[in-house]
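Me: Could you take a close look at one part of this model for me? I'd like a single connected walk through how it packs.

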Amino acid sequence: MSEIIYNTIFYIFVALVIGSAVIVAFSRNIVHSAFALLVTFFGVAGIYVFLGADFLAIAQVVIYVGGILVLILFAVMLTSKITDVKLSNPQTSPYIAGPLVFLIFVGLVWLIMTTPWQVKGTLDIGGISAIGEALLGRYLLAFEVSAVLLLGALLGATYLARKSQ
Amino acid sequence: MVRYFSAIVIGLLSVLKGMAVTVKYFFSKKVTMEYPDQRWKMPDRFRGKVGCDTNKCISCLYCVNICPVSCITLENVKAEIPAVVTNLEGKEMKRLKNITKFEVDISRCIFCGLCTEGCPTGAIYMSHDYEISCYTRKDMVYQWVKTKL
Amino acid sequence: MLKEYIEAIKTFSEQNIPFTIKGAPVELWYIVWIFIFGGVVLGGAMLFAGLASFAERRFAGFFQCRLGPNRVGPEGFFQFIADGIKLVLKEDLIPAAADKMLFRAAPYVVFIGTLGVFAALPFSKSLGITNLNLGLLYIFAISSLVIVGIIMAGWGSGNKWSLLGGMRSAAQIISYEIPIGVVFLTMIMITSTMNMQEIVNQQGGGLVNWLVFRYPPFTLFAFLIYFIAAMAEVNRTPFDLPEAESELVGGFHTEYSGMRFAFFFMAEYANMFVVSAIATVLFLGGWQSPLPFFILNIFGDYSILAIIEGFGWFITKVLFLVFLMMWLRWTLPRYRVDQLMAVCWKVLLPLSFANLLLIGIWMIL
């Protein structure tokens, strides 16, 4: 019984993710696509909770919903004539894109089926202190590199946005 | 640097000052009142809607003649028995005519008060009533005396 | 987390529910409890929003030397019920130019973003819907839904004023989320936990142990920064540019009427409660008594009475902060857009970072 309930909740989340992702891909209105992305992000966060990765789930919401989605919306809304369907989501050569997408799909499925997944039950990371120690200890280099990358992006944006002299 | 921090301090202090002002009003006596239930007491010489005590009127037509906008109408017929009216000084005056129509068109009235100043018996007066809005022009005409002939 | 939580609910159900369905799985209880808690929170939030809207109008009157609404019930206390009935009965208009789906969905998204926060608030000793280990981060995350909802409303209305209001609002909330994040970081650094109950537990034992007095005066500065930024987050005057009725008609909720407008309205007041509650938990000791002891502790640490007392302290502090917001609203005029951004980026952000650094240095010393 409890298995059934777990599975039901899980598949509800999966349906939410896939359904909204389909809207993102196929909607002719780019604003609708952007808002459907909201549901996708939340569904993915729900699946992270299922995997026992609470921190990751919340970070997903903070970064993707609070940051990236809002940035996408800003970009969409500051573009002129965005309501014009032709401009927002044009369909270009489905005969090339179709096989390409199919190949990627098959590749991904093959990858998922052949990867030896480690099933260890829920992963206990041990709270934020463990994450902090891991970030500033074992993975310090990756952490610093990403920090430098973000700094570069920030400086680049400032350079582009400033008034030309 | 000094300017930056002093600006912050001044800003916060001015917010506190403003809050002190508003909280003073929070506890002070309220200046508004619940209008239809409570009303202002009008000063004695407030000029509101024109009122008339027709029993006092001697039908002298003073108010009709003095009115700058001619908004008062008075019609009368000769009376068989003259009525006796006491005027402002306590002297008795005779009304020789019966009033058949006495009305004021308040939509034309300029509230100058000239009609009340010269009235020998004080029959016509400026009331303290300021609620004179109504739905039709007809309602703006106040009929003090109306006799069907 | 899910499993532990379900276990906790199982034990709670077994102890407190007089009747249990034989053989019903725990997860079913979990779902049932979700709905019960959801209903309680929704009812509580709506009641608070109604009362706060009445209080706001009445206090606005007092601050302006007026009487305010006082006709419905004693001292106008039932004004919010009259307002609610009016809003329910009003026609639900959808403009012809609106993007109907987004227009319909937006109030719910905003409301979910606000209500979601209630799930992690510690209302009293062991009284709260959940006790998340990452409570503070969760609150930070879920409240970002409000921005999306506001943009949705602004865009969906198909009205340039609404869109302008929505954009302003989003820009403002995103900007002010950064100082709030830094202040959260400061407090997490001091308490070394994100669990809201744990943060409150660390502030027990009277007024002096509240975090706002922990590293004087830096935590006081942190409190001020948080409070100012939080006022901007919930679009209160003097930061109410998104609604700016004199320039944008009503901002993002210009086109809304009836129940949908009521949702925005309630979300705004529930949001006031939420930010005040977070400030209370982080700085003012949450449900801890300002006295060094609980008055009703004689009946046991976790008795119903002690929990009620804690709830009383919590609500008192929160309501004081809400009143402070109303007080400020009727004191200060609205900012210009550039001033708004200058306050955030040039004052609050550097000061919050400096604060973080100084408190860190103090903690090491």
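How many residues of chain C are in contact with chain A, and how many of chain A with chain C?

Reply: First, some housekeeping: this is a predicted model, where local features need pLDDT of at least 70, side-chain atom pairs count only at pLDDT 80 or more, and totals for chains, interfaces and linings use all residues. Residues are numbered from 1 along each chain as its sequence is written, chains are lettered from A and ligands numbered from 1 in the order in which they are written, and side-chain values use heavy atoms, with hydrogens and water left out.

Now to your question: 32 residues of chain C are in contact with 28 residues of chain A (contact means heavy atoms within 4.5 Å). Together the two chains bury about 2700 Å², 88% of it on carbon and sulfur atoms; buried area here is the accessible area (1.4 Å probe) that two parts lose on being put together, summed over both. On the chain C side, Leu134(C), Trp155(C) and Met167(C) lose the most area to chain A, jointly 21% of what that side buries.

As for charges, there are zero salt bridges between chain C and chain A (a side-chain nitrogen of Lys or Arg within 4 Å of a carboxyl oxygen of Asp or Glu). Polar contacts come out at zero residue pairs too, with both residues required at pLDDT 80 or more (a pair of N or O atoms within 3.5 Å; within protein, one must be able to donate a hydrogen and the other to accept it, and residues adjacent in sequence count only if both atoms are side-chain atoms). By class, the side of chain C that touches chain A has 28 nonpolar, one polar and three charged residues (Ala, Val, Leu, Ile, Met, Phe, Trp, Tyr, Cys and Pro count as nonpolar, Asp, Glu, Lys and Arg as charged, and the others, Gly among them, as polar).

Inside chain C there's another contact, between domain 1 (1–89) and domain 2 (94–364), with bounds from an automatic or database domain assignment. Domain 1 of chain C puts in 19 residues and domain 2 of chain C 22. The area buried between these domains is about 1900 Å², with carbon and sulfur atoms giving 84%. Two salt bridges are counted between the domains. In chain C, Arg236(C) forms a salt bridge with Glu56(C), with the closest N and O atoms 2.9 Å apart. Four residue pairs are in polar contact between the domains, both residues at pLDDT 80 or more.
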